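Dear colleague,

I am handing over the structure shown below for your review. My notes on it follow directly after.

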Amino acid sequence: MSAAAETFRIPSPTRPDHIPSREQPLRRWLIGKLLYGSNIDRSAKARARIGLAILAFAAVYSIIAARLVMFAIASHSQTVHRVVSGDAIATARPDILDRNGEVLATDVRVPSLYAEPRRLIDVDEAAELLTADLPDLNATELRERLASKRGFVWLKRDITPDQQHEIYRQGLPGIGFMNENKRDYPNGAEVSHFLGRVDIDNQGIAGIEKWLDGQGLAALHMAGLATDRLQTPVQLAVDLRVQHAMRDELVTARAKFHAIAAAGVVLNVRTGEIVAMVSEPDFDPNKPQDPHDQTLINRLTTGVYEMGSTFKAFTIAMALDSGKVTLKSTFDAHNPLHYGKFDIHDFEPMQRALSVPEIFTYSSNIGAARIAMAMGIDAHKAFLKKLGQLDRLHTELPESAEPIVPKHWGELNTMTIAFGHGLSVAPLQAVMGVAALMNGGILIPPTFLKRSEAEAEKLGRRVIKPETSEMMRYLMRLNVEKGTAAKADVPGYYIGGKTGTADKVVFGRYSKTKVLTDFMAVLPADQPRYLVLIMLDEPQALPETHGFKTSGWNAVPTGGAVVARIAPLLGIEPRMDLPTADQLILASLKENR
Amino acid sequence: MILRVLNFLVIGALVLAAAYVYRIKFDSTVQAERLAKLRSEVRRERDDIAALRAEWGQLDNPERIETLAKRYLHLKTIAPTQFDTLDRLPDRPPQDVTAANQDPIGGIIENLEQPGSLETTGTVPPSANETPNPASGAPSPVSGAQSPAGGAPNQ
């Protein structure tokens, strides 16, 4: 009924509109005229106004609805944030695995104790109770920290769950715990030098850990994004079992020969992967150390050494590769070589002309010097440059050392560098060069990360002819069969090797008593797969070595022991009763020609 | 009249819709809380896994295993002579005892009477021996074939 009345009433106000001036007061008429104009239909005007009101309300309500939807969506992400902020420090690091997936480094959550001094009620009581639970805490320092007016102070990082429980039970206000990531190295000192370590804030400070930070991890930490362990693990080329075997043998050898240091590398000659790297003395990365302790450097990458006779491999490879010298060429080694006031002697003088294989197996300094002189200074320098012996070697490790190259490279330099004196290189660098001589002539930069042969081929650069590489492998095998490296001949693995003994430089002079011995072994010599370097720093002569301290008496037997242990781990099948190097390698070389 | 009914219907629908929306909102809050809880649980589990993996890494460390093995096991490092290939395995010995054979001992005696059949067991067929000089090649298959059998009882 009311609806009907309304419909009846609506037209009624419209009727007087036609005659406004007579029935309304003048003032209202004037306002009406000013506001609506004189000849406008009031009903149409009212409808338009209602429409406008509807529109305004609709807009307001749709804004409210939109806000509601936004809150509904946003509240979800807010809850997640609340959970995360419970353990706030964003320093997660990816796990580091060895080539078989064994954990080398991982993050574990440990509680850390902090205080908010402004919220503390009784500083003395808190300090007393905390020192009771954590006896290793410095009491005066603790009191000082608690009495400060700062908002937040760390009291102790990395406490045990038991300690956390005890402190929690005391119910001290203003004392709290935060879960932090702590780097854990389950294998301790076994993998130390190349892995590096992290500081208390989980930032890498050495080795692969520092390299990881350089790969964008540090930026993630800065942005506070690396809270969760969602990052993909990093897989290295190193094999933990091989690493252990190498370290075990080196620790034994270092103790036996009373050497100040021992180091070893296993390199895959086809891919450039470093399968094991040990530098004794080493350290436990779980424990903080003095970073400036010079005895703890990685001797393979940060140390530079004169490698001794192993450099004869480069000299002879250069000569054979040039084509001017063959395996049948002979060089005079009757007398010591005189140059100015210097004499070059042989360790065991033969006093006759020596062929190239004899120079290699007898390790004749005179012969090597004569070969290098025959090739010329420039060719010698260019060849060593091509093999990467004169430039700094860059791997993933942030630590590297520049080789010490003579400023003025004269005839005498070429003569001495021919047998490994007068040029100091990082041992890993020499390993890379010798690997190129062995693997068919391709120089592949070494890496700590996993790499396939296809990837290595792309990176590789040909430096010598394949035939030269085959001749070098023949010489290496020959040296084990009847040369200075005879003590490394493990039956079944067909090892080839070159020894090196360098007099150490002490106070700018070559020492008569201190030597550095090294041994490079390739296995198997006919189909090379791995190159092993053993290096001993200042080994001492023993009664059972008959008073000798040259490489053949210490580094070589160590190398043999290492190879016997690691070859089964590397999947090298022992082959018994293989013919001699003359028959196997040299014969195949002649067939190909 | 119709409009009035319509009005009531709309009011009813509004109340229903409000109740429904409230339920959905409540459910979603419950779900969001569950999600957050599960996430924190997943995080905790991951942390536990990492701690266990670290512990396993410590227990599985080659140095530790070697120390334990030296103390409790009487094993030696494998010598290169102890490896051999499968194709140099000797032939299987003749099957004296089979289900079909009613008299196994009689079968053994029968095989003993035929010396030719016994000679084939334990010897390496000449085709497998690829070394050119038989003088140095001959001892190897024997030592290779015997070392697994001969080495085991000693250990």
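The notes below concern the contact between two chains and one helix that takes part in it.

Please keep in mind that this is a predicted model.

Where the two chains meet, 30 residues of chain A are in contact with 26 residues of chain B. On the chain A side, the elements that contribute two or more residues are helix H5 (42–84), strand S2 (103–115), helix H10 (240–256) and helix H19 (555–569). Of these, S2(A) gives the largest share, five residues. By residue type, the side of chain A that touches chain B divides into 13 nonpolar, six polar and 11 charged residues.

I then looked at H19(A) in more detail. Its 15 residues, at 1.5 Å a residue, should span 21 Å; the C-alpha atoms at its ends are 21 Å apart, so the expected and modelled spans agree. H19(A) nevertheless has a kink of about 25 degrees, centred on Val563(A). Immediately relevant to its surroundings is the burial of the helix: 12 of the 15 residues of H19(A) are buried, so the rest of the structure largely encloses it. Among the buried residues are Ala555(A), Pro557(A), Gly560(A), Ile566(A) and Ala567(A), as well as Val563(A), where the kink is centred. The cover over these buried residues includes H10, strand S6 (261–268), strand S16 (496–506), strand S17 (509–523) and strand S18 (530–537) of chain A. H10(A) therefore appears in both lists: it helps to cover H19(A), and it gives residues to the side that touches chain B. After H19(A) comes Gly571(A), with a positive phi near 75 degrees.

With kind regards

Technical notes:
Residues numbered from 1 in each chain as written. Chains lettered and ligands numbered in written order. Predicted model: local features only at pLDDT ≥ 70, side-chain atom pairs only at ≥ 80, totals over all residues. Contact = placed C-beta atoms within 7 Å. Helix = DSSP H or I, 4+ residues; strand = E, 2+ residues; numbered from the N terminus. Nonpolar A, V, L, I, M, F, W, Y, C, P; charged D, E, K, R; others polar. Expected span 1.5 Å × (residues − 1). Bend = angle between axes of the 7 residues up to and from the residue. Buried ≥ 20, exposed ≤ 12 C-beta atoms within 10 Å, placed from the backbone.
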